[in-house]
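Work through the exercises below with the structure open beside you, and try each task before reading its solution.

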Amino acid sequence: MAAELAARLRSGDRRALGQAITLVESTRSEHRAEAEALLAELLPSTGGAHRVALTGPPGAGKSTLVDALGSQALQAGQRVAVLAIDPASAVTHGSLLGDAVRMQRLAASEDVFLRASSNLGTLGGTAPGTRESVLLCEAAGFELVLIETVGVGQAEQAVRDVCDTLVMLTLAGAGDEVQGIKRGLLEVADAVLVNKADGALEVAADAHARELMSALSLLRPGAPPHVAAVSAVSQRGLPELWRWLGERFTDLRQRGELALRRQAQLERAFDSAVTAALRARAAADPRAQQLWPRLEAAVRAGQLLPTAAARELSAALFGV
Amino acid sequence: MSEESRARFRQLVQAETGKPPEELTTRTPAGVERKLLYEADDLDGVAHLGALPGEFPYQRGVRASMYGGRPWTIRQYAGFSTAEESNAFYKQCLAGGQKGLSVAFDLPTHRGYDSTDERARGDVGKAGVAIDSVEDMKRLFDGIPLSDVSVSMTMNGAVLPIMACYVVAAEEQGASKSSLSGTIQNDILKEFLVRNTYIYPPAASLRICADVIEHASSALPKFNPISISGYHMHEAGATAALELGLTLADALEYVRAVSERGLHIDRFAPRLSFFFGIGMDFFTEVAKLRAARLLWATLLRERYAPQDARSLELRTHCQTSGISLVAQDPLNNVVRTAFEALAAVLGGTQSLHTNAFDEALALPSDASARVARATQLILQHETGVPGVVDPLAGSYFIERLTQDLADGARQVLAQIEAAGGMVRAIESGLAQRLIETSAAERQARIDRGQDVVVGVNRFKHDDQSSFDLRRVDAARVRELQAARLAELQQSRDGARVTASLAELKEAAARGANLMPPTLAAIRARATVGEVSEALAQVFGRHAAMSHAVRGVYQMQFQADEGWQKLRARTAALAGRFGRQPRILIAKLGQDGHDRGAKVIASGLADLGFDVDLGPLFQTPAEVARRAVDGDVHLLGISSQAGAHDELLPALFRELAALGAPEIQVIVGGIVPAQDQPALLALGVKAVFGPGSALPDMAAALLGLLESTPSGAGRGG
């Protein structure tokens with residue numbers, strides 16, 4: 001089953017890729033088992049794409065920039081996969097996945113795979129399965145994977161952990177609120193773009209880009225990120241951005257940093273997988289099930305330290 | 001009213017009904033509270049009660065004599081298939097008592113594609129007449145003297161080549177430019193708001209619009225170069241105050257754009273015309289037209305202080321509401337349209353289109369078009385209504401309502417201006433959100449039965465009478481147009497066409513007025529598609545920016561037991577599938593009406609679906625790719641313009657080619673009952689007509705998913 005789907009996916013069958021992503025995103029354990037078998041089969045064919053994530057506050061123009069950047073890649077003869085993440089409603093769990101609406105040029109091309117996913121079940125800017133979806137796109141032969149994150153900016157590490165290059169979008173004159181969440185991102189972004197630098201906003205965007213550039217040279221003196229004012233409308237700064245991305249990818253590979261970065265990502269992914277697996281084990285264990293609510297009540301009542309309670313639970317599960 | 005009469009009225013009502021008057025207030029579909037009784041006190045704060053018709057601020061009418069001097073113009077919007085067929089229909093209308101023509105163009109023409117363009121497939125000649133060149137325009141008006149008959153043209157996106165085709169066709173008929181009368185819609189801002197038949201980005205589009213107004217101000221003295229339209233906002237679900245406020249905000253933006261070119265207000269303001277939609281909320285619609293005139297005259301005087309009184313006069317065309325028409329019991333639409341027509345006339349419109357009763361199903365047939373026209377003829381000649389100027393003036397209720405609507409519209413206007421004007425409000429999505437929220441609320445009220453629609457959510461009637469509907473074979477029209485285009489290319493001077501298009505592009509880049517070079521290109525027999533493409537090379541084509549609101553249904557329905565059941569069923573499916581049920585809602589072809597699609601998307605997301613929305617104007621291959629990439633369970637196609645008969649079979653072929661024949665396709669929108677068997681045979685799982693309630697549709701979709709073994713995708 002997995003072998004057949006893997007073969008179809010490798011041969012470029014987009015139906016197979018669409019279905020494979022459904023498997024890695026599924027909440028059902030038998031689907032996840034299937035997904036693991038599939039990924040194991042495909043692993044040798046992965047790793048080839050430049051994984052670029054775009055993040056930024058809502059309204060910063062992420063989808064439109066993905067459309068513009070993807071078009072540059074198409075012109076350069078690359079095949080492009082877009083993974084767009086949208087917020088799910090906490091109440092109904094439903095979502096509106098409208099990213100393709102602003103990706104008219106990409107939507108018109110056969111060489112583009114475009115999948116939107118809701119972030120249901122995660123807190124961050126990515127979706128459950130984003131990391132695995134990237135691998136699937138690579139196995140299907142896509143050379144550029146663009147990940148458009150939810151514009152929250154509160155879980156920058158989660159976003160950084162699925163990409164080789166993290167591009168952050170901002171706007172000139174964005175409010176203090178936006179500035180507040182941005183700081184964490186500014187510390188990890190590989191490129192910071194002031195978007196919508198066209199028409200009446202162009203002057204302000206230039207000024208903002210200069211401010212950012214000097215602030216970032218202080219904040220990150222060793223390796224300041226690429227900073228530029230861009231516009232998907234006037235195309236300003238886009239050919240340069242495309243060139244910079246290409247050079248960065250080559251450079252990362254040649255200096256061996258790409259491998260290091262991806263290894264660190266895998267370590268963290270392993271780490272959180274271990275935590276999740278242990279927690280699942282504990283939740284399923286009859287002894288822990290009995291003990292858990294009692295310990296929780298004691299912690300709540302202030303009779304027991306959280307760390308001590310955790311130790312007691314672990315002792316009950318695995319022995320001292 | 002004195003305290004004593006107030007108490008007495010209270011007693012009388014209490015005795016009759018057992019309730020005090022305040023418990024008998026009603027709510028309009030716009031959510032406005034309406035008292036049981038209005039009296040003299042309600043006139044407090046109502047301005048200009050003593051004004052005469054034909055004088056500032058014109059709430060009583062733009063002419064002193066109103067219909068006593070000249071009845072309103074019966075102007076029926078029509079056009080379909082080829083120029084010859086539309087021409088024959090127009091001649092029939094003129095012989096039947098109609099006074100002016102109103103041309104409906106097909107969607108490819110609106111979007112600047114020749115009939116042979118791949119993107120035109122399925123839409124050629126469907127929602128209007130196909131015009132590819134001046135030769136088609138000449139055929140359209142063959143035997144109709146343009147120096148005598150006024151012509152209204154609903155054209156916004158491809159306004160330059162179409163206006164030029166009309167002027168050149170008139171020229172070649174021998175009509176002088178100064179004799180041409182009529183209107184071109186040329187209201188591009190509202191296209192970005194609701195109707196989506198634009199071609200170029202907003203700034204370039206606004207420039208083209210101002211070019212047409214500027215050119216007409218000197219070259220076409222009797223022609224209205226713009227019709228600033230609230231109609232489409234009304235149809236998209238805007239309340240009356242919102243329709244008024246946004247329309248006047250658009251109008252002020254146009255005045256600003258033209259004034260900035262140094263043209264004095266009195267050179268063009270007298271030829272600005274307006275267009276409003278008239279729905280079923282009778283008194284609101286009467287008051288809306290009065291408030292529109294009052295507010296426009298006041299605003300223009302405040303801001304531009306024109307010398308010429310005609311600059312202050314808001315002259316308007318009206319059309320009865322398309323969304324008030326329903327597919328269930330369609331003959332009832334005759335009655336709806338008649339009431340709406342009466343409201344438009346009591347409100348003092350200058351011209352009127354009455355819808356045909358079968359328009360929720362298809363384009364009007366000859367028979368239904370005759371009834372629609374007769375509705376106005378009866379109003380003019382049998383009812384005595386036109387004999388008195390502004391007959392509802394002085395009514396406590398109407399005057400209060402007029403003032404309230406003007407005040408409400410002023411608030412909308414202030415909100416738009418605070419956001420930096422209409423162009424900015426469109427770019428930021430503010431204006432769209434105002435309309436979409438209003439639309440979703442309105443649909444939710446109908447779905448809950450709070451607003452009654454006879455035959456839809458109350459007093460349902462099972463008998464499905466069938467009518468002869470007009471059918472257009474798009475493939476046949478496309479073949480004919482293709483032959484015409486080939487002929488045109490043979491006979492024209494190719495070098496002259498190329499040179500004229502190059503000049504047009506150069507003028508576009510330079511910032512010169514684009515009407516003269518477009519006229520030259522059209523005279524040289526360049527096609528509508530060629531002119532539009534030349535400009536697209538300079539300006540680019542605009543990509544749709546669609547917004548869908550969230551949470552409106554969940555808010556309105558959260559306490560509703562039926563809704564809770566639907567949510568539980570959705571959650572159960574999510575458990576079974578390992579993900580939320582997923583649907584792609586898509587539009588095919590060049591039809592940009594997306595209100596229905598967005599309301600449904602919003603409602604299903606509130607129920608717990610993952611809803612993919614695609615761009616507008618998609619080909620079947622593009623939609624199939626979106627469905628496959630998203631691995632959706634369901635694919636919902638919204639069709640309003642009759643292109644389904646050609647585009648849906650193509651969609652099924654594309655789905656099969658991508659290895660996804662199991663994705664379940666459903667269709668919503670305007671689909672004649674006669675077409676349904678063919679669609680079902682094709683594999684369509686369900687067809688939902690206009691007026692389908694969202695909870696009913698959702699229940700049907702959940703049923704489809706529940707009875708499918710594992711949903712569509714491999715992953716469930």
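Three exercises follow, on a model that is predicted.

**Exercise 1. A strand and its neighbours**

Determine how many residues of strand β5 of chain A are buried, and which strands are joined to β5(A) by bridges.

Solution. Begin with the strand itself, which spans residues 144-148 of chain A and is mostly covered, since 5 of its 5 residues count as buried. Next, sort these residues by direction: A:L144, A:L146 and A:E148 point one way from β5(A), while A:V145 and A:I147 point the other way, and all are buried. This can be set beside a general pattern, namely that side chains in a regular strand alternate between the two faces of the sheet. Then turn to the pairing, where strand β1 of chain A, made of residues 50-55, runs parallel to β5(A) and is joined to it by 5 bridges. Within this pair, A:R51 has A:V145 as its bridge partner. Strand β2 of chain A, residues 80-86, is likewise parallel to β5(A) and joined to it by 5 bridges, and here A:V82 has A:L146 as its bridge partner.

**Exercise 2. The sides of a helix**

Which residues of helix α1 of chain A are buried, and why can they be placed on the same side of the helix?

Solution. First list the buried residues of α1(A), a helix of residues 2-10, which are A:L5, A:A6 and A:L9. Because they cover an arc of only 100° around the axis, they lie on the same side of α1(A). Now look at the other side of α1(A), where A:A3 and A:E4 are exposed. As for what the buried residues pack against, the partners are α2 (14-25), α3 (29-42) and α6 (130-139) of chain A. Finally, follow the chain past the helix to A:G12, whose phi is positive, near 95°.

**Exercise 3. Where two chains meet**

Find how many residues of chain B are in contact with chain A, and which element of chain B gives the most to that side.

Solution. Start with the contact itself, in which 37 residues of chain B touch 33 residues of chain A. On the chain B side, α23 (561-577), α24 (595-607), β13 (610-613) and α25 (620-630) each supply at least two residues, and α25(B) gives the most, with 5 residues. Sorted by class, that side of chain B has 15 nonpolar, 11 polar and 11 charged residues. The last step concerns strands, for β3 of chain A, residues 95-97, pairs with β13(B) in the parallel sense over 3 bridges, and in β13(B) the bridge partner of A:L97 is B:D612.

How values were computed. Residues are numbered from 1 along each chain as its sequence is written. Chains are lettered from A and ligands numbered from 1 in the order in which they are written. This is a predicted model: local features need pLDDT of at least 70, side-chain atom pairs count only at pLDDT 80 or more; totals for chains, interfaces and linings use all residues. A residue is buried if 20 or more other C-beta atoms lie within 10 Å of its own, exposed if 12 or fewer, and partly exposed in between; C-beta atoms are placed from the backbone. Helices (H or I, at least four residues) and strands (E, at least two) are DSSP runs, numbered from the N terminus. Two strands pair if DSSP finds at least two bridges between them. Two residues are in contact if their C-beta atoms, placed from the backbone, lie within 7 Å. Ala, Val, Leu, Ile, Met, Phe, Trp, Tyr, Cys and Pro count as nonpolar, Asp, Glu, Lys and Arg as charged, and the others, Gly among them, as polar. The arc is that of the directions from the helix axis to the C-beta atoms.
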